[in-house]
Amino acid sequence: MKKNSLDHGFSLLELLIVVAIILIIATIAIPSLLRSRQAANESAAVATLKNVNAAQTTYLSTNGTFGTIGDLSSSGMLDARFTANGALLAGYAYSVYGGGTGDYTVSAIVSGTRGRYNYYSGVDFVVRYRDAAAGETLPTGVTAGDPVG
């Protein structure tokens, strides 16, 4: 007796079981992937703030003043992506406040859910953070806040 070609393949129940297993695996894996992406964005923000601090030191020794994001970018001390305050990289918006002969504060403010913390630093070169979810804003003094370990 010859089998019908429709008798080969998977039944609907088998396909539903496979789809259910894939959904369970995705439910477990996706939050972990999002957390690791947030951690990568946060690490990039801290590294970028350190780069801006180094650029400010060089700019100060060359020009006698601290520079804005535009100054640092146009002088070649920062990447060309930093053209003005609010430059968005890896989920963070970077800005420099103050400058000139006084002090400055550089901030990295998270955009959406791409990170958990806002970061900032100043003339003491210590990178500090504030909880973005709690709606904490940039403090007035860069000595406030928790330093990044």
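These are legends for several close-up views of one predicted chain.

The model is predicted, so local features need pLDDT of at least 70 and side-chain atom pairs count only at pLDDT 80 or more, while totals for chains, interfaces and linings use all residues. Residues are numbered from 1 along each chain as its sequence is written, and side-chain values use heavy atoms, with hydrogens and water left out.

**View 1. The whole chain, with its 2 helices and 6 strands.** Reading from the N terminus, the order is α-α-β-β-β-β-β-β; helices (H or I, at least four residues) and strands (E, at least two) are DSSP runs, numbered from the N terminus. Of the 149 residues, 29% count as buried, where buried means under 20% relative accessible area, exposed over 50% and partly exposed in between (1.4 Å probe, protein chains only). The accessible surface adds up to about 9,300 Å², with 60% of that belonging to carbon and sulfur atoms. These areas come from the Shrake-Rupley method with a 1.4 Å probe, and for residues only the protein chains shown count as cover. Take the contacts (heavy atoms within 4.5 Å) with a separation of 6 or more: 33% of them join residues 24 or more positions apart.

**View 2. Tyr92, Tyr117, Tyr119 and Tyr129 make up one aromatic cluster.** The whole structure has 5 aromatic pairs. Rings of Phe, Tyr and Trp (its six-membered ring) pair if their centres lie within 6.5 Å; planes under 30 degrees apart are stacked, over 60 edge-to-face, and the rest tilted. Tyr92 and Tyr119 sit 6.0 Å apart, centre to centre, with planes at 50 degrees, so this pair is tilted. Tyr92 is in strand β2 (residues 92-98) and Tyr119 in strand β4 (residues 117-122), 27 residues apart, so to speak a link between distant parts of the chain. Both count as buried, Tyr92 at 0% relative accessibility and Tyr119 at 6%. Tyr117 and Tyr129 go edge-to-face, at 4.9 Å between centres and 70 degrees between planes. Because Tyr117 lies in β4 and Tyr129 in β5 (residues 128-131), that pair ties together parts 12 residues apart in sequence. Tyr117 is partly exposed at 25%, and Tyr129 is partly exposed at 25%.

**View 3. The largest nonpolar core has 22 residues.** A nonpolar core here is a set of buried Ala, Val, Leu, Ile, Met, Phe, Trp, Tyr and Cys residues joined through side-chain atoms within 4.5 Å. The members touching the most others are Leu49, Leu78, Phe82, Tyr92, Tyr94, Ala108 and Tyr119. Helix α1 chips in the largest share, 6 residues. Leaving aside residues up to four places away in sequence, Tyr94 touches a list that includes Ala44, Leu49, Phe82, Leu89 and Ala108.

**View 4. A nonpolar patch on the surface brings together Leu13, Ile17, Ile21 and Ile25.** Together they offer about 400 Å² of accessible area. Ile25 belongs to helix α1 (residues 12-63) and counts as exposed, at 52% relative accessibility.

**View 5. Ala90 and its positive phi.** The angle is about 50 degrees, although Ala90 is not a glycine. Ala90 sits in the loop between β1 and β2 and is partly exposed, at 39%.

**View 6. Phe125, another non-glycine with positive phi.** Here phi is about 65 degrees. Phe125 lies in the loop between β4 and β5 and is partly exposed, at 42% relative accessibility.

Terms used. Patches are made of residues with over 30% relative accessible area and no salt bridge: like charges are joined within 9 Å, nonpolar side chains (Val, Leu, Ile, Met, Phe, Trp, Tyr) within 5 Å. A salt bridge is a side-chain nitrogen of Lys or Arg within 4 Å of a carboxyl oxygen of Asp or Glu.
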